[in-house]
Amino acid sequence: MSYQLHGSTFESDEEGYITDISLWNEELADLIAQDEDIEMTDDHWEVVNFLREYYEEYQIAPAIRVLTKAIKKKLGPEKGNSGYLYELFPYGPAKQACKIAGLPKPTGCI
Amino acid sequence: MADFETPELDDYTRTPGLAPGAMAHSQPFIAAPDHQQALGFPGELVDDWHDKAIAKFGELLGKYRSLRVYMDICVGCGACTDKCHYFLGTGDPKNMPVARQDLMRKVYRRHFTLAGKWFPHLVGAEDLTEAVLDDWYTYFHQCSQCRRCSVFCPYGIDTAEISMAAREIMDSIGKGQKYCNEIIGKVIKTGNNLGIPQPALAATLADLEEDIEEETGVAVKLPLDQPGAEVLVVTPSADFFAEPHVDGLIGYAKVFHQAGTSWTLSTHASEAANFAMFIGSYEQMRQVAERIRQAAEDLGVKRIIVGECGHAWRVAYSFWNTLVGPFDFLDPDYPAPQHICEFTHDLISRGALTLDKSANDHMTLTYHDSCNVARASRMGPEPGGQFHYPREIIKAVCNNFVDMAAETIHDGTYCCGGGGGLLTDDLLELRVKGAKPRMEAFKAVADEQGVTHMAAICAICKSQFAKVMPAYGYGMDKIVSLHQLVSNAIVLEGQNGEDDDPEDDAPAVEDSSDE
């Protein structure tokens, strides 16, 4: 699989996670989101940006609880819960939001 | 969502009409060359795969006497045919355990029996053609190795062992499964399935400590790499990452806190799961288990306790001793290994935990026996402890508990539908359909007895149900960790609201503690 953007090709794995995470940019994120039937709003971007910041520091996506806590701080208590995150990313904030953020898919018993 | 229809739930599980080929399209992604090679397997399908596969098959038959017996002994009685949740959920006849076994048995007959070598057509012997290999890859990845069928087999043929052997053969010729093999590589590299590096793990645990203190007012610790602790806790890394798993982890921490037992997690062994069992690789299984032994020795602990993970408990309980034992450096006064449920159960039976059952009054619970705990291990000294301990804990912390139908629990339990290395998005259709029998049993107690939630002690079960229950109309929060219930009910000394002085962190004096 791959994504096409402005004549460039971005390789991805079978599930649409881009293979070279250093090539990620915001336009590509929009494109991946479109593929996932998600229209990116400011709230989506808060999540995606937090994932990227966290990944940069720790080389792994944050635990769901860490993510909800961060979103609670940024967007307020009514949005700081996994229910809201699933509203934003119906296929799961860990997997779907990571895909849009250009991060590797979290693996394991999750 | 993939393109398929969620089955309608029946009042009880009926044997479906046959739907030949219904799941022929369902295959997991093939492992990439680097995932294969990291485990010492060929990167991709080798040119002489047929001969290599037959040679490997012969090697396994020599190594595992059980495999040869299972190949020889089936009389085709059919007792297993309607026992597999994947058959019940899909109707695909190749998901009948006997048919799944026969995919391998026909090749066995062709190459390893005299009659099959000379008169293959008379004895149902067949060559390992490309089409047969493809069937192996398809249908041995539609077996969650839950062993329900083996309970009903009059000869005790274990389809799990057959599917492990098939996967081992496929790995050896370069046809491995992405989900399992990528994960095993991560454990070997970072210590856990998720690939969480030490700084992230430490930060996550610190964060949880903060949360617990904020909520309860008590400084409950989740220690990491603490030498000299009494207990090493190994738990699935999903406990650090996912919901409802993390609520169970918080539960363990509160139990240790109230018991006054020092404990630690380990970076090196930050994973209880051992996916190598799913692919039948003894060597990988040994390597993954060895990390735990090594961590226990390095930290100088006296006991090892395993968290809520089904197949990890099977590996620990049934295989650790011969894989990486003896564990003679541990305190002989305690079981080695010990299950977190054994630990909590013991405290409860001694009255050492202060519990307020009403904290769980908003729920009516049922309990899902995880396949590997139910059919491949035990808890405590008595037979059946693996069924009774979890239920007794739930009843000690909840007022409302109802069991599902007798034929769907204990050693007749239905798999969640995601075990055995199948908990991956590329098998979602299989997972949803395979959960049907369990969902039918759940629906019955939900409709008739007001059950609202289901507790489990396996990371795979929890993730699987969180994913598939919504397909059947139940919220993802309907699945809970057993120790989440304990966490809700436990009243810590000095906890907010426990005494009149919530601002004050001083220990409460009202209740007698365990010492």
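Q: A residue is buried if 20 or more other C-beta atoms, placed from the backbone, lie within 10 Å of its own (exposed: 12 or fewer; partly exposed: in between). Which residues of H3(A) are buried?
A: This is a predicted model, where local features need pLDDT of at least 70, side-chain atom pairs count only at pLDDT 80 or more, and totals for chains, interfaces and linings use all residues. Residues are numbered from 1 along each chain as its sequence is written, with chains lettered from A and ligands numbered from 1 in the order written. Helices (DSSP runs of H or I, at least four residues) are numbered from the N terminus. In H3(A), the buried residues are Ile64(A), Arg65(A), Val66(A), Leu67(A), Thr68(A) and Ile71(A).

Q: Which helices of chain B do the buried residues of H3(A) pack against?
A: Within chain A, they pack against H2, H4 and H5. In chain B, their partners are H11, H12 and H13.

Q: How far apart are the end C-alpha atoms of H3(A)?
A: H3(A) has 12 residues, 64-75. At 1.5 Å times one less than that number, the helix should span 16 Å. The model agrees, as its end C-alpha atoms are apart by 16 Å.

Q: Which helix of chain B gives the most to the side that touches chain A?
A: Contact means C-beta atoms within 7 Å. Chain B brings 28 residues and chain A brings 16. H10, H11, H12 and H21 of chain B each supply at least two residues of the chain B side. With five residues, the top giver is H11(B).

Definitions and conventions: Contact = placed C-beta atoms within 7 Å.
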